[in-house]
Amino acid sequence: MTDARHAVVSGASIAGLTAAYWLRRTGWEVTVLERAPAFRDGGQNVDVRGAGRDVLDRMDLTDAVRAQNTTETSTVLLGTHGRMIGELPGPDGAGGPDTATAELEILRGDFATTILDHLPGGIDIRYGDPISSAVQDADGVTLTTARGQRLRASLLVIAEGVRSRTRDEIFAGTIARRDLGITMVFGTIPRTGTDNTTWRFCTTTGGRQIHLRPDNHGTARAILAYKEKEAPARLDRRATLSQARERFADAGWEAPRVLDAFDATDDLYVDRLTQIRMPAWHRGRICVIGDAAWSVTPMGGGGASLALTGAYVLAACLSAQQSNTSAGDGSAIGTALTAYETWMRPVAEKAQKLHPLVVSSAFPTTWPGLALRDLTGKILTRPWLAPLTAKLTQVADTGQSLPEITLHDT
């Protein structure tokens with residue numbers, strides 16, 4: 001495989017697979033490298049909103065995503081010991097299709113699988129063999145993988161997520177991390193008779209939340225989230241669960257059930273919510289997309305939609321320079337990557353705007369703070385405020401039209 005119009009995409013989740021899809025559709029040879037030893041199909045809820053819906057339509061995947069809806073119908077706010085505060089309408093309610101529970105609500109693994117199953121032919125996906133080094137010169141990028149394979153490409157797209165190692169090495173010194181002070185423990189647990197089709201989350205003192213969401217696989221998705229100033233040390237599974245038990249020992253509601261179920265779940269993982277901000281998303285022939293470039297975290301929302309949109313915009317901008325990039329022209333690729341940044345940056349930065357008071361109010365640590373949070377919840381869930389509340393949950397939207405793309409199917 002020659003380096004002319006060969007793109008290497010590092011990361012095989014939503015951003016990386018979508019980039020591979022559109023790059024291949026616009027005539028590139030594409031290799032996808034993934035650190036995990038096999039495709040990862042787990043994960044919690046994501047949704048498709050704003051410009052991401054337009055991209056999904058252009059991929060002809062809207063019906064496929066809708067068919068795998070998580071079955072979630074609305075969002076219920078609970079106070080201490082599960083006391084109901086109010087309910088936010090679902091996509092069929094007064095708030096429209098993009099309330100807290102979106103019309104296109106799907107599990108991350110189901111979404112990534114859907115994209116994977118609809119990739120155009122000719123894409124080379126390699127698991128368990130991540131990038132170990134990347135050296136850029138005037139004519140391309142030389143990559144060496146962990147297994148010692150050598151690849152030559154005219155474009156490297158880094159889509160490895162918020163903790164991308166390749167990004168950290170190539171863009172060292174330019175990455176700003178905003179730690180939101182929130183740790184989340186995620187897991188899939190058995191469904192019980194107390195579960196229904198609503199997303200229920202209970203907030204209590206000590207900066208703690210307990211979330212339960214329905215899925216379309218006969219189980220439930222659970223989250224234990226808590227506010228903590230210092231990021232916890234990386235812990236093994238046993239220590240993580242021990243810490244969670246200590247944190248949520250007196251949290252009430254469904255906390256004991258979730259903790260017991262986490263002991264047995266096979267997809268437990270922990271995330272410290274961190275935003276990524278970079279002054280530039282490309283350097284020469286190397287660019288970053290998705291959470292690796294602009295992580296918004298679940299607090300900001302819209303990560304999957306931004307991943308879809310960014311991957312499409314990247315390929316569209318490259319296709320506009322197609323006559324030059326067909327020869328691997330470095331200046332044409334640079335022009336395209338600049339155009340991609342120009343289009344995407346306002347959208348991503350808007351999604352990242354999260355006032356510190358939002359975190360404090362969502363995770364109150366005192367009884368007065370919890371009382372204020374409950375009062376706010378009661379007000380925002382009044383039926384007559386549904387349209388206004390829906391606007392507060394709009395993310396990944398933009399007044400810009402998506403750039404046109406020149407397809408060149410191979």
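## R108, a buried arginine

With a relative accessibility of 15%, R108 falls under the 20% cut-off and therefore counts as buried. The structure here is a predicted model, so please read each value below as computed from that prediction. R108 sits in helix α4, which covers residues 108-117.

What does R108 touch, once its neighbours within four places in sequence are left aside? The contacts are S13, I14, R40, D41, G42, G43, Q44 and V46. One of these partners, I14, belongs to helix α1, and that leads nicely to the next topic. For a sense of distance, the C-alpha atom of R108 lies 19 Å from that of I158, a residue 50 places away along the chain.

## Helix α1 and its surroundings

Helix α1 runs over residues 14-25. Is this helix mostly covered or mostly open? It is mostly covered, with twelve of its twelve residues buried. The buried set is I14, A15, G16, L17, T18, A19, A20, Y21, W22, L23, R24 and R25, so R24 and R25 are on the list alongside residues such as L17 and W22.

The length of α1 also checks out. Its twelve residues, at 1.5 Å each, should span 16 Å, and the C-alpha atoms at its ends are indeed 16 Å apart, so the two values agree. Just past the helix, G27 adopts a positive phi of about 100°.

## How α1 meets α4

The axes of α1 and α4 approach within 9 Å and cross at roughly 15°. An angle under 35 degrees counts as roughly parallel, and the two helices are therefore roughly parallel to each other. Their crossing is left-handed.

Which residues make this contact? From α1 come I14, L17 and T18, while α4 supplies R108, F111, A112, I115 and L116. Sorted by class, the contact has six nonpolar residues, one polar and one charged. Our buried arginine, R108, is thus part of this helix pair.

## How α6 meets α7

A second helix pair is formed by α6 (residues 237-247) and α7 (residues 255-262), whose axes come within 10 Å and cross at roughly 170°. That angle is over 145 degrees, which makes α6 roughly antiparallel to α7.

On the α6 side, the contact involves R237, L241, A244 and R245, and on the α7 side L259, D260 and F262. By class there are four nonpolar residues, no polar ones and three charged ones.

Terms used: Residues numbered from 1 in each chain as written. Predicted model: local features only at pLDDT ≥ 70, side-chain atom pairs only at ≥ 80, totals over all residues. Heavy atoms only, no water. Axes fitted to C-alpha atoms, helices over the stretch in contact; angles between N-to-C directions. Helix = DSSP H or I, 4+ residues; strand = E, 2+ residues; numbered from the N terminus. Parallel < 35°, antiparallel > 145°, perpendicular 65-115°, else oblique. Left-handed = near helix turned anticlockwise from the far one by under 90°. Contact = heavy atoms within 4.5 Å. Expected span 1.5 Å × (residues − 1). Buried < 20%, exposed > 50% of the residue type's maximum accessible area, 1.4 Å probe, protein only.
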